[in-house]
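Hi everyone, thanks for making time. I'd like to walk you through a structure that is new to most of us, so have a look at it first and then we'll go through it piece by piece.

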Amino acid sequence: MRRDEILKILVDWNYWGNYKDESVDRGRYIEDLNHLLKTGEIIVIKGVRRSGKSTLMLQFIRKSGLEEKNTLVVNFEDPRFKDLNLELLDRIYEVYLDELQPDKEHYVILDEVQEVEGWEKFARYLHEAKKVQVFITGSSSKLLSEEYSTFLAGRHVDIEIFPLSFSEFLEFKGVSIRSRMEMVKFRHRIRKLLDEYLEFGSFPKVVLIEEGKEELLNNYFRDILIKDVQSRFKVREPVKLEELAKYYLTNISTLQSFNRVRKLLNLSLDTVERYSTYFTVARLIFFVPKFSFSVREQILNPQKVYCMDTGLRNIMSFKFSEDIGRIVENVVFLNLLFRNKEIYYWRDKQQREVDFVLKSGLEIEQLIQVTYASGEEEIEVREKKALIKASEELNCDDMLVITWDYESEEEFKGRRIKFIPLWKWLLE
């Protein structure tokens, strides 16, 4: 590519060019990036497609305090880039150095870099030979997997970006909660917005637009399925792949075994296992194991299925109101995932079940039940009994029931159980 062609592209993606950032800040991640910056290593920003990685990096640059000339953003998904290869990477960097003449300390952000074969060599060259702070982002499962660890020879730290948490979602909607007083003040609007959060999910762009949410979510589903699963893993049976993905999405928050799924969908066990693994690599579907002190028992028991975004689930099913309890449970799972918790479910031989067991090190940290109940009389006794039984077996006294609109703390069979509405818990 000619110098002027490269420069035209760079001008559109950099602050020293035409780029203007009007996005909503995601402060938590910016703080995390500042912390990782102190390591001096290559920083890898990974996460599900369309979770806002590129925008976050541009926010981070804006707040970095560096002169605009000292940052280079290269978006490799720009269709004007032709014949992506290592030679072009060198050429792009050369054009930047000549035209901007940055200081010795500058940042290079390689956005959607998985599009370039051999990108890791260039990243290591900048980091080791040029002593440049390098940031890598990508949506492909090639970066979502652990393969980049080998490519970068351990000289990296990483951070995963998720779609919006509920507090971030509210900020995108113009509701900023800074205190318990503000939670009370805005509680009616918060509850109304929670309905939208459950129905359309929390991908940033979906949250911001008023029309066309379903169409955009359909596009996201196709992109993840085709680009991050089918193309990445060279799947030869795309119809079966899509059938399995839709099955999981429409059956979130339920126990599933690969053997049962293969019979229902008339697939081989190997196909179900492989495709399910691909979905987890692409961060579309998650599988939560049963808690057991025996690894063998964990493996042999069914796993609970959850998805990355309830909006993706809801475009696959017309049963939103009927399945609201399972959708609420999925949202609780996602927030536990955002909080970096080690998550299991619990079940005994009498089929008593606790939705979430949180483990920290060798200790059981908390037991959580989720119910779409608005009053004490709607909460089934069996859910409390399951908590008590799990509490005794796992030696954990921290028991929580997340409800739709009931808040209390009560003693049941000699143990204390806390009840909190979903919207309040999401904002803790």
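**A walk through the model**

Let's start at Arg283, which sits in the loop between α15 (269-281) and β7 (285-288). One thing to keep in mind from here on: what you're looking at is a predicted model. Is Arg283 buried or exposed? With a relative accessible area of 19%, and the cut-off for buried being under 20%, Arg283 counts as buried. Its backbone is worth a look too, since phi of Arg283 is near 65°, a positive value in a residue other than glycine. As background, most residues other than glycine have a negative phi.

There's another residue like that. Lys234 also isn't a glycine, and its phi is positive, at about 55°. You'll find Lys234 in the loop between α12 (213-230) and α13. Lys234 is exposed, though, with a relative accessible area of 67%.

Okay, let's follow the chain into α13. This helix covers residues 238-250, so 13 residues, and at 1.5 Å a residue they should span 18 Å. The C-alpha atoms at its ends are 18 Å apart, which agrees. Which residues of α13 are buried? They are Leu241, Glu242, Leu244, Ala245, Tyr247, Tyr248 and Leu249.

Some of those names come back when we look at Phe279. Setting aside residues up to four places away in sequence, Phe279 touches Leu241, Leu244, Ala245 and Tyr248, along with Leu225, Val229, Leu284 and Ile285.

That brings us to the inside of the protein. In soluble globular proteins, nonpolar side chains tend to be buried together. Here, the largest nonpolar core has 97 residues. Inside that core, the residues with the most contacts are Phe166, Tyr248, Phe279, Phe356 and Leu422. Helix α18 (residues 324-338) gives this core its largest share, 10 residues. There's also a second, separate core of 29 residues, and among its members are Val44, Val113, Phe122 and Leu126.

Just ahead of α18 is a loop, running from α17 (310-314), and Ser317 lies in it. Ser317 is buried, at 11% relative accessible area. Not counting neighbours within four places in sequence, Ser317 is in contact with Thr250 and Asp323.

Now, cysteines. How many disulfides does the structure hold? The number is 0. Cys307 counts as buried, at 1% relative accessibility, and Cys396 is buried as well, with a relative accessible area of 3%.

For a contrast, take Gly414, in the loop between β13 (408-412) and β14 (415-421). Gly414 is exposed, with a relative accessible area of 58%. Between the C-alpha atoms of Gly414 and Arg49, which are 365 residues apart along the chain, there are 47 Å.

Let's zoom out to finish. The protein chain has 20 helices and 14 strands. Its radius of gyration is 23 Å, close to the 22 Å that the globule rule gives for 428 residues, so the chain is as compact as a globular protein of that length. Along its principal axes, the C-alpha trace spans about 75 × 55 × 45 Å.

Of those 428 residues, 54% count as buried. If you take the contacts with a separation of 6 or more, residues 24 or more positions apart account for 68% of them. And the outside? The chain exposes about 20200 Å², with carbon and sulfur atoms supplying 46% of it.

That's the tour, so over to you for questions.

Notes. Residues numbered from 1 in each chain as written. Predicted model: local features only at pLDDT ≥ 70, side-chain atom pairs only at ≥ 80, totals over all residues. Heavy atoms only, no water. Disulfide = S-S within 2.5 Å. Buried < 20%, exposed > 50% of the residue type's maximum accessible area, 1.4 Å probe, protein only. Helix = DSSP H or I, 4+ residues; strand = E, 2+ residues; numbered from the N terminus. Expected span 1.5 Å × (residues − 1). Rg over C-alpha atoms; globule rule 2.2 N^0.38 Å. Contact = heavy atoms within 4.5 Å. Areas by Shrake-Rupley, 256 points an atom, 1.4 Å probe, with all protein chains shown as cover. Core = buried A, V, L, I, M, F, W, Y, C linked by side-chain atoms within 4.5 Å.
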